[in-house]
Amino acid sequence: AAIFNCGPSYELAVYVSIADVKKARLILPEVEAGIEHYKPLMNEQIFSVWCFNVSFMYFLAEEYRSSLKWLNHIINETFDRLRTDFTLSIIIFRLILHYELQNDSIYPYLLRSSYRRISKLHFNPLIINPLLSGIKILFDATDKKKIAKSLRQIREDLAKLESNVDFRGLMNFFDVNQWLDSKIRNVSFAEIVQEEAKKLEK
């Protein structure tokens with residue numbers, strides 16, 4: 001398990017951080033098989049992080065059903081025993097995945113279940129409230145003009161939080177602002193992640 005953690009799974013984490021989907025795909029079968037094989041030897045946090053990385057890679061590749069499948073491994077198996085910020089990021093990521101999948105018939109259920117779970121986390125309400133209210137506004141938007149307006153409004157609201165330590169920590173897992181930027185600019189999420197990664201290199 002230690003070799004796996006330092007080998008292909010670590011490579012995947014690097015490729016995901018720079019949105020190199022092509023290279024990530026080459027090692028993905030080995031990573032997925034490794035997670036299944038070494039799962040009994042992993043602690044729950046490590047297992048969850050690797051599942052998250054696989055899910056995130058599929059999200060970058062716009063393969064949302066596969067992304068949700070791997071995120072559900074966490075939700076169904078280890079969700080209630082993870083650190084608070086990681087748990088919250090998974091909830092937000094799940095909502096966005098269902099938005100991408102256009103599962104509008106279950107939006108009300110998703111929001112109710114998310115509110116219930118988040119209420120137990122005791123996380124900073126200055127972060128949680130605008131995140132959830134923003135997603136609810138997006139879920140309620142029904143045409144292109146309303147969606148575009150909602151995206152811009154949510155992005156403006158979240159921009160005010162970028163100096164907040166709790167918010168920055170949360171965005172280390174799944175950066176909602178990058179996703180919003182991809183929608184506003186009508187480019188792929190992977191392209192936005194690549195741009196941000198290049199800025200950090202300078």
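Is Glu-100 buried or exposed? Select this residue as the opening stop of the tour, and keep in mind throughout that what you have open is a predicted model. Glu-100 has a relative accessibility of 15%, and because buried means under 20%, it counts as buried.

**Around Glu-100**

With Glu-100 still selected, display helix α6, which covers residues 84-100 and holds Glu-100. Then show the side chain of Trp-179, with which the side chain of Glu-100 makes a polar contact at 2.8 Å. If you leave aside the neighbours within four places in sequence, the residues in contact with Glu-100 are Phe-59, Tyr-64, Trp-179 and Lys-183. Two of these names, Tyr-64 and Trp-179, lead to the next two stops.

**From Tyr-64 to helices α5 and α6**

Select residues 64-77, which make up helix α5, and look at this helix together with α6: the two pack at an angle of about 150 degrees, and their axes are 10 Å apart. Because angles over 145 degrees count as roughly antiparallel, α5 and α6 are described in that way. The crossing in which α5 passes α6 is left-handed. To see where they meet, colour Tyr-64, Ser-67, Leu-68, Leu-71, Ile-74 and Ile-75 on the α5 side, and Ile-90, Phe-93, Arg-94, Leu-97, His-98 and Glu-100 on the α6 side. Sorted by class, this contact has eight nonpolar, two polar and two charged residues.

**From Trp-179 to helices α11 and α12**

Now select helix α11, residues 176-185, and helix α12, residues 189-201, which pack at an angle of about 120 degrees with their axes 8 Å apart. That angle makes α11 oblique to α12, and α11 passes α12 in a right-handed crossing. Within α11, colour Gln-178, Trp-179, Asp-181, Ser-182 and Arg-185, which meet Phe-189, Ile-192, Val-193, Glu-195 and Glu-196 of α12. Here the classes are four nonpolar, two polar and four charged residues. Trp-179, whose side chain makes the polar contact with that of Glu-100, is thus also one of the α11 residues that meet α12.

**A last stop at Glu-156**

Finally, select helix α9, residues 144-159, and find Glu-156 within it. How exposed is Glu-156, and what is its relative accessible area? The value is 49%, so Glu-156 counts as partly exposed. Add Asn-177 to the selection and draw a line from C-alpha to C-alpha: Glu-156 and Asn-177 are 21 residues apart in sequence and 9.5 Å apart in space.

Notes. Residues numbered from 1 in each chain as written. Predicted model: local features only at pLDDT ≥ 70, side-chain atom pairs only at ≥ 80, totals over all residues. Heavy atoms only, no water. Helix = DSSP H or I, 4+ residues; strand = E, 2+ residues; numbered from the N terminus. Buried < 20%, exposed > 50% of the residue type's maximum accessible area, 1.4 Å probe, protein only. Polar contact = N/O pair within 3.5 Å; in protein donor to acceptor, adjacent residues only side chain to side chain. Contact = heavy atoms within 4.5 Å. Axes fitted to C-alpha atoms, helices over the stretch in contact; angles between N-to-C directions. Parallel < 35°, antiparallel > 145°, perpendicular 65-115°, else oblique. Left-handed = near helix turned anticlockwise from the far one by under 90°. Nonpolar A, V, L, I, M, F, W, Y, C, P; charged D, E, K, R; others polar.
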